[in-house]
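Me: Please take a close look at one part of this model for me. I would like to follow its charged side-chain contacts, and then see what else sits in the fold.

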Amino acid sequence: RLRPISSAPFVASHWVGFMASSSPSSSSPVPEPLLKVLLYGGAPFFGWPFKPAFNAVAGEKYERAYAHFRRDHQDPFNLFFHCLCLVFQLGFNYGLLSEVGKAVAKLTGSGEKVADLVPMATTAAWSWTLLRARNAPLVVRIASVAALGLAHSLRNSIPEWWRELSWATGVVEMMAVQVFVINKGDTSGRGRPPFNLRQLLGLVAVRSALRLGAERCAAGSLASARARLVVNALLATWMAKVVQDPFAAKSGGKATKTPFVLGLVGWLLAVATEQPWLYFYSGGFLASMTQGVAHHYAGEESTLTQLASLPDELAHTTFFPNLLFHSVYQSLTSGKGPAPCS
């Protein structure tokens, strides 16, 4: 039997309208502040070597996570764009894991085998977790592991394109700005105005001009060892604070009080410091916002912003590949409808 889910009222007066406040988490063997740092500080839908273990200890079961997910992911448009979001998330996730692995190898004076350790450990642990979710059809679990395997195989080539990608992601950044800043919308899409293509093209043009200006005037301006240390330390300090209230519910939705704002400005920090890892890391938060845009236009309220506990949030983000492919599979074989286990 499913426990009730908080309605999580939306913050409609600020750009973070796609977010909702989460009520205190249910009891967990992992302290809540630490769990929030691990979940939101690592970009909520990104995989890490430690995340499956924490999900096994502190997360909810797959069948419960799927019941929540299926409720909010039945529209074909929403499912299609979530599949694109999965490509986005896994690509940036493994780009980041590759950069982290290289940093570990450099710090330890080791070679390529050590550099591959972080992504390999992530892929192994995450795949094992997805395969063990036996309430998902076997074809779904195989598809999820195949997606991880493909992203893993591209892990070293993705960072080579980070500068080019930072131009392309301006489109989804501006879609998020249009929905959540200008229109002050939320993920439910209630009362949304018609899609304004001309406005979006104008926003993308402005973002492209900013990217060009950053390349010509700011690229490498903070690339010294000292400047990088200061930027990274300030970012880590800020992140450790804002993840304790990730949806900025206590601050009334102020943009500087939520980690998701990094999805809009991280590319600039990456260009200024010449740190590809920072671009991919910020992309994890942008990918979450992109999911919110998909929910907004599909009219299906996002799941993460409705969940009432950290164990639910942890399970939702850990099982995400299975959950998405499972919902697609159910729609293809049975049409719309709730999860069978609910």
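Reply: This is a predicted model. Start with the charged contacts. The count comes to ten salt bridges. Three of these are worth a slow look.

Take arginine 163 as the anchor. Arginine 163 lies in helix H8. Its side chain meets that of glutamate 215 in a salt bridge, at 3.2 Å from N to O. Glutamate 215 belongs to helix H10, residues 197-217. The two residues are 52 apart in sequence, so the salt bridge ties together separate parts of the chain.

Arginine 163 has another partner, glutamate 274. Here the closest N and O atoms are 2.3 Å apart. Glutamate 274 lies in the loop between helix H12 (262-273) and helix H13 (276-298). This pair ties together parts that are 111 residues apart in sequence. Salt bridges that share partners then join Arg163, Arg211, Glu215 and Glu274 into one network.

How open to the outside are these residues? Arginine 163 is partly exposed, with a relative accessible area of 23%. Glutamate 274 is partly exposed as well, at 26%. Glutamate 215 has 30% and is also partly exposed. Partly exposed covers the range between under 20%, which is buried, and over 50%, which is exposed.

Now compare a salt bridge elsewhere. Aspartate 116 pairs with arginine 155, with the closest N and O atoms 3.4 Å apart. Aspartate 116 is in the loop between helix H5 (112-115) and helix H6 (117-131). Arginine 155 is in the loop between helix H7 (138-153) and helix H8 (162-168). The two are 39 residues apart, and the pair links distant parts of the chain. Are these partners buried or exposed? Aspartate 116 counts as buried because its relative accessibility is 12%, under the 20% cut-off. Arginine 155 is buried too, with a relative accessible area of 12%.

Next, the cysteines. How many disulfides does the whole structure hold? A search finds zero. Look at cysteine 83 to see why. Its sulfur is 9.2 Å from the closest cysteine sulfur, that of cysteine 85, which is too far for a bond. A disulfide needs the two sulfur atoms within 2.5 Å. From the other side, cysteine 85 is in no disulfide, and its nearest cysteine sulfur is that of cysteine 83. The surroundings of the two residues can be read as well. Cysteine 83 is partly exposed, at 25% relative accessibility, whereas cysteine 85 is buried, at 3%.

Last, the largest pocket. About 770 Å³ of space lies inside. Its lining has 25 residues. Val100, Ala103, Asn232, Gln275 and Trp277 lie nearest the centre of this pocket. Which elements give two or more residues to the lining? They are helix H1 (32-40), helix H4 (76-108), helix H11 (225-242) and H13. H4 gives the most, with eight residues. By class, the lining has 16 nonpolar, four polar and five charged residues.

Methods
Residues are numbered from 1 along each chain as its sequence is written. This is a predicted model: local features need pLDDT of at least 70, side-chain atom pairs count only at pLDDT 80 or more; totals for chains, interfaces and linings use all residues. Side-chain values use heavy atoms; hydrogens and water are left out. Buried means under 20% relative accessible area, exposed over 50%, partly exposed in between (1.4 Å probe, protein chains only). A salt bridge is a side-chain nitrogen of Lys or Arg within 4 Å of a carboxyl oxygen of Asp or Glu. Helices (H or I, at least four residues) and strands (E, at least two) are DSSP runs, numbered from the N terminus. On a 1 Å grid over the protein atoms alone, a cavity is a set of points where a 1.4 Å probe fits but cannot get out, and a pocket is an open set with protein on both sides within 12 Å along at least five of seven lines; lining residues have an atom within 4 Å of a point. Grid points are joined across faces, edges and corners, and a volume is the space filled by probe spheres set on the points. Ala, Val, Leu, Ile, Met, Phe, Trp, Tyr, Cys and Pro count as nonpolar, Asp, Glu, Lys and Arg as charged, and the others, Gly among them, as polar.
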